[in-house]
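Biologist: I would like a close look at a single part of this model. Please take me through it, then place it beside some other elements.

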Amino acid sequence: MKYKTNPVFPKNFFWGASSAAWQVEGATLEGGRTQAIIDLNSQTKKPFTDNSIAADHYHHYKEDVALMKECGFTSYRFSFSWSRIIPQKGVINPEGIAFYNNLIDELVGAGITPIVTLYHYDMPCWVDELYGGWHNRAIIDEFDFYCRTCFENFGDRVKYWLSINEQNMQIVYGDWLGVSKGCTDWFKEKWDINHIMNLCHAKAVIACHEMVEGGKIGPVPGYVPIYPKSCKPEDQIAAMNAEELTQKIWDDLYYFGEYNGFVKSYWREHDITPDIREGDMELIKQAKIDFFAINCYRSDVGMAPDNTYLQEIGLNKYGRKGEFVYTNIPGEYALDRNKYVETTDWDWHIDGTCMRYTMRYMWDHYHLPMVITEAGFGAHEDLDENGEIHDDYRIDYLRDYIYNLGLAISDGVEVMGFNPWSFTDLLSTGNGMAKRYGLVFVNTTDDELRDLKRYKKDSFYWYQKLIKSNGQEWGKDMSDWKDFNRTSEIASDLKAKGVKD
Ligand code: BGP
């Protein structure tokens, strides 16, 4: 497949990057913020550092925004910390409001559009102590109060809002992301928690439309497209099952305001009866989203499962290649390594085409505009002897993903912007500073607290040129882009090495 012309990105396309409060801010006990459950969890993830300092964005935000401006950003996607804004039940923290006001003003002054996530994994400890977090419907009013406080204080300048980051992943990877804490039967209880999250999402959507003039809001599914391993019909259905159980159930709910037939039948078969009360579905239906924000890093491969055993997913926790354990769910699906693409040290498939696939899939199903809020390359990195980072692998990754996003736009999909993960290095969800994603290096490690100075990586300069040309200057001749065909090259390479299908 060759393309004679490069894809054309719309005028006013949002070029930016992404972060989340608990992963970038640090200052967890400063400025009136109280602790979040994720602070405590991050303290137990040794040998990785915790989030008490992270990238220290709380103290470096002006410098960070100046760097974004230098890179040419027109958007920045970040999250608010709930416990910085509401540190105790019913209490609004003026210092927290002031911090985000300053950050927003700095961004707007630099010509950068803020795109704000309301909830990105950081449940305040007080909500957990009072109600058991997501387990209790009382959280719905607390979340509503928090969201309304945000809309009231920042809605004059923030017009793009995101409700809950990767609700699907929080349910699918409940242990990893801490949501299953306190559950005795996660297999069943997750659907109650999920329903409560849906109600919180719906409240946020409704309040945003009510309170923010010209405000738009959408959810943030974590999207991992599932390719069938072969054209065996059973593999196709297994891939579809995987797609349903890891993402489509959620997307359908957000868009149609109803639980789809697949999940209802799954509940029936497994004797699951979520606590859905009168009025809940009306509320959910009333919450009409304006767009989808999409996190898309990688793809997976689905195939018919072995029905004799259950294997839960085993994430690669230390960045040693080959440690990822693929899921096998009897009666539903199994996942597998895709030998046609390469992987990161954490065994994440590197697959730019998955970006185009995701955009096409979502557009075909929902016909809503989309904005990319995450995609990125996690790597072990440190400064070389010249104080530089030559991250060609990240440039290749970004080029591949952005090019494919452009192709999706050429295919007719409506895309508002691209915000890769992440701008500066920040704390990985489970791997501290050992897994870096930034366009800008932050000088600190898990073992040693250094000066936290910012260093622009090669990817920063590459992205700066791409933005300046509105997605035309790739640093490579894209009209004869051999890399685009690299999946078949890898396949023939594997064949030459004797790897069988
Ligand atoms: C997404 C999360 C981010 C971020 C990213 C990378 O799912 O929304 O918060 O952490 O994944 O994941 P990790 O840090 O585990 O490599």
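Modeller: Take His209, which lies in helix H9, residues 186–211. Keep in mind that this is a predicted model. Is His209 buried or exposed? Neither label fits: His209 has a relative accessible area of 36%, so it counts as partly exposed. The cut-offs matter here, because buried means under 20% and exposed means over 50%.

Now its surroundings. Set aside the neighbours within four places in sequence, and His209 is in contact with Gly215, Ile217, Lys288 and Asp290. Lys288 deserves a second look. It sits 79 residues from His209 along the chain. The C-alpha atoms of His209 and Lys288 are nonetheless separated by 9.2 Å.

Compare a residue in another helix. Asn404 belongs to helix H14, residues 392–410. Its relative accessibility is 0%, so Asn404 is buried. Its side chain has a partner: the backbone oxygen of Asp400, reached at 2.9 Å.

H14 itself is worth a pause. The helix has 19 residues. From first C-alpha to last, H14 reaches 27 Å, close to the 27 Å expected at 1.5 Å a residue. Of the 19 residues, 15 are buried, so H14 is largely enclosed by the rest of the structure. Just after H14 comes Gly412, with a positive phi of about 110°.

Next, a strand. E2 covers residues 75–79, and 5 of its 5 residues are buried. Which side chains point which way from E2? Ser75, Arg77 and Ser79 go one way, while Tyr76 and Phe78 go the other. Both sets are buried. The partner of E2 is strand E3, residues 113–119. The two strands run parallel and are joined by 5 bridges. Within this pairing, Ser75 stands opposite Thr113 of E3.

Last, a pair of helices. H3 spans residues 57–71 and H5 spans residues 94–109. They pack at an angle of about 10°, with axes 10 Å apart. Angles under 35 degrees count as roughly parallel, and H3 and H5 are therefore roughly parallel to each other. Which residues meet between them? From H3 come His57, Tyr58, Tyr61, Lys62, Val65 and Met68. From H5 come Phe99, Asn102, Leu103, Glu106 and Leu107.

Back to the starting point. His209 is partly exposed, whereas Asn404 is buried. His209 also has Lys288 and Asp290 among its contacts.

Notes. Residues numbered from 1 in each chain as written. Predicted model: local features only at pLDDT ≥ 70, side-chain atom pairs only at ≥ 80, totals over all residues. Heavy atoms only, no water. Helix = DSSP H or I, 4+ residues; strand = E, 2+ residues; numbered from the N terminus. Buried < 20%, exposed > 50% of the residue type's maximum accessible area, 1.4 Å probe, protein only. Polar contact = N/O pair within 3.5 Å; in protein donor to acceptor, adjacent residues only side chain to side chain. Expected span 1.5 Å × (residues − 1). Pairing = 2+ DSSP bridges. Axes fitted to C-alpha atoms, helices over the stretch in contact; angles between N-to-C directions. Parallel < 35°, antiparallel > 145°, perpendicular 65-115°, else oblique. Contact = heavy atoms within 4.5 Å.
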